[in-house]
Amino acid sequence: MNKYDHIDAVYKRKVDYHKGYFSLDRSPFLELEKEGFDVNENILLKELIHQELISFIELTIKDLPVKEKERILKKYVQCKTLESIAIEENCSIPAVYYSIKIALEKIKEVLIKNGYDIND
């Protein structure tokens, strides 16, 4: 048992020592936590804004024409390639590409019109 306690103690010391330099858990806020800053409020606010943006994009996608909506969902939700979408729909790859491009431009216009910063 002492051997395992020693291994745990060494690991905890390593984590505490290196916490300010790199993250073993890959959390971007470990450096701030080590300094004593409260980052929970900032994280929750960013998550709330992100959730709101995602739901707004979903509503925007629902308003697209049927073909554009299907192609957007196939490309970004089902992670299909343009070629596989074209084969499924029996059309050319450029047709699928331009349809998705037009749909993304429509989504971008709606986001800009509603005050979202599209660069984020």
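1. Start with Glu-68, which sits in helix α4. This is a predicted model, and in it Glu-68 comes out as buried, because its relative accessible area is 11% and the cut-off for buried is under 20%. Which residues does Glu-68 touch, once you skip those up to four places away in sequence? The list is Ser-99, Ile-102, Ala-103 and Lys-106. Have a look at those four in the viewer before you move on.

2. Now find Tyr-98, over in helix α6. Tyr-98 and Glu-68 are 30 residues apart along the chain, yet 9.6 Å separates their C-alpha atoms. Is Tyr-98 buried, partly exposed or exposed? With a relative accessible area of 47%, Tyr-98 is partly exposed, whereas Glu-68 is buried.

3. Time to zoom out. The chain has 6 helices and 0 strands, so you can read the order of its elements from the N terminus as α-α-α-α-α-α. Out of the 120 residues in the chain, 18% are buried. As for contacts with a separation of 6 or more, 40% of them join residues 24 or more positions apart.

4. Val-96 deserves a stop of its own. You will find Val-96 in helix α6, and it is buried because its relative accessibility is 0%. Leaving out residues up to four places away in sequence, Val-96 touches Arg-71, Leu-82, Ile-85, Ala-86 and Cys-91. Another pair to pick out is Val-96 and Ile-72: they are 24 residues apart along the chain, and their C-alpha atoms are separated by 9.5 Å.

5. Val-96 also belongs to a bigger group, the largest nonpolar core. How many residues does this core have? There are 11, namely Phe-56, Ile-61, Leu-64, Ile-72, Ile-85, Ala-86, Val-96, Ile-100, Ala-103, Ile-107 and Leu-111. At least two of them come from each of α3, α5 (82-89) and α6. The helix that gives the most is α6, with 5 residues. Ala-103, one of the residues that Glu-68 touches, is in this core too.

6. Next, the largest pocket. A quick thought on how such a thing is found: rolling a probe the size of a water molecule over the atoms shows where empty space is left. Here the largest pocket holds about 220 Å³ of space. Its lining is made up of Ile-54, Ile-57, Glu-58, Ile-61, Lys-62, Ile-72, Leu-73, Tyr-76, Val-77, Leu-104 and Ile-107. Sorted by class, that comes to 9 nonpolar, no polar and 2 charged residues.

7. Where does the pocket lining come from? At least two lining residues are supplied by each of α3 (40-62), α4 (66-76) and α6 (93-113). Which helix gives the most to the lining? That is α3, with 5 residues. So α3 leads in the pocket lining, while α6 leads in the core.

8. Some residues turn up in both places. Ile-107 is one of them: it lines the largest pocket and is a member of the largest nonpolar core. Not counting residues up to four places away in sequence, Ile-107 touches Thr-60, Ile-61 and Leu-64. Of these contacts, Ile-61 and Leu-64 also belong to the core, and Ile-61 is in the pocket lining as well.

9. Two loop residues have backbone angles worth checking. Most residues other than glycine have a negative phi. Cys-79, in the loop between α4 and α5, is not a glycine but has a positive phi of about 55 degrees. Asn-90, in the loop between α5 and α6, likewise has a positive phi, near 55 degrees. Is Asn-90 buried or exposed? Asn-90 is exposed, because its relative accessibility is 72% and anything over 50% counts as exposed.

10. Finally, the cysteines. A disulfide is a covalent bond between the sulfur atoms of two cysteines. How many disulfides does the structure hold? The count is 0. Cys-79 is exposed, because its relative accessibility is 62%. Cys-91, on the other hand, is partly exposed, with a relative accessible area of 29%. You have met Cys-91 already, among the residues that Val-96 touches.

Definitions and conventions:
Residues numbered from 1 in each chain as written. Predicted model: local features only at pLDDT ≥ 70, side-chain atom pairs only at ≥ 80, totals over all residues. Heavy atoms only, no water. 1 Å grid on protein atoms, 1.4 Å probe; cavity = no way out; pocket = protein on both sides within 12 Å on 5 of 7 lines; lining within 4 Å. Points joined across faces, edges and corners; volume = space filled by probe spheres on them. Helix = DSSP H or I, 4+ residues; strand = E, 2+ residues; numbered from the N terminus. Nonpolar A, V, L, I, M, F, W, Y, C, P; charged D, E, K, R; others polar. Disulfide = S-S within 2.5 Å. Buried < 20%, exposed > 50% of the residue type's maximum accessible area, 1.4 Å probe, protein only. Core = buried A, V, L, I, M, F, W, Y, C linked by side-chain atoms within 4.5 Å. Contact = heavy atoms within 4.5 Å.
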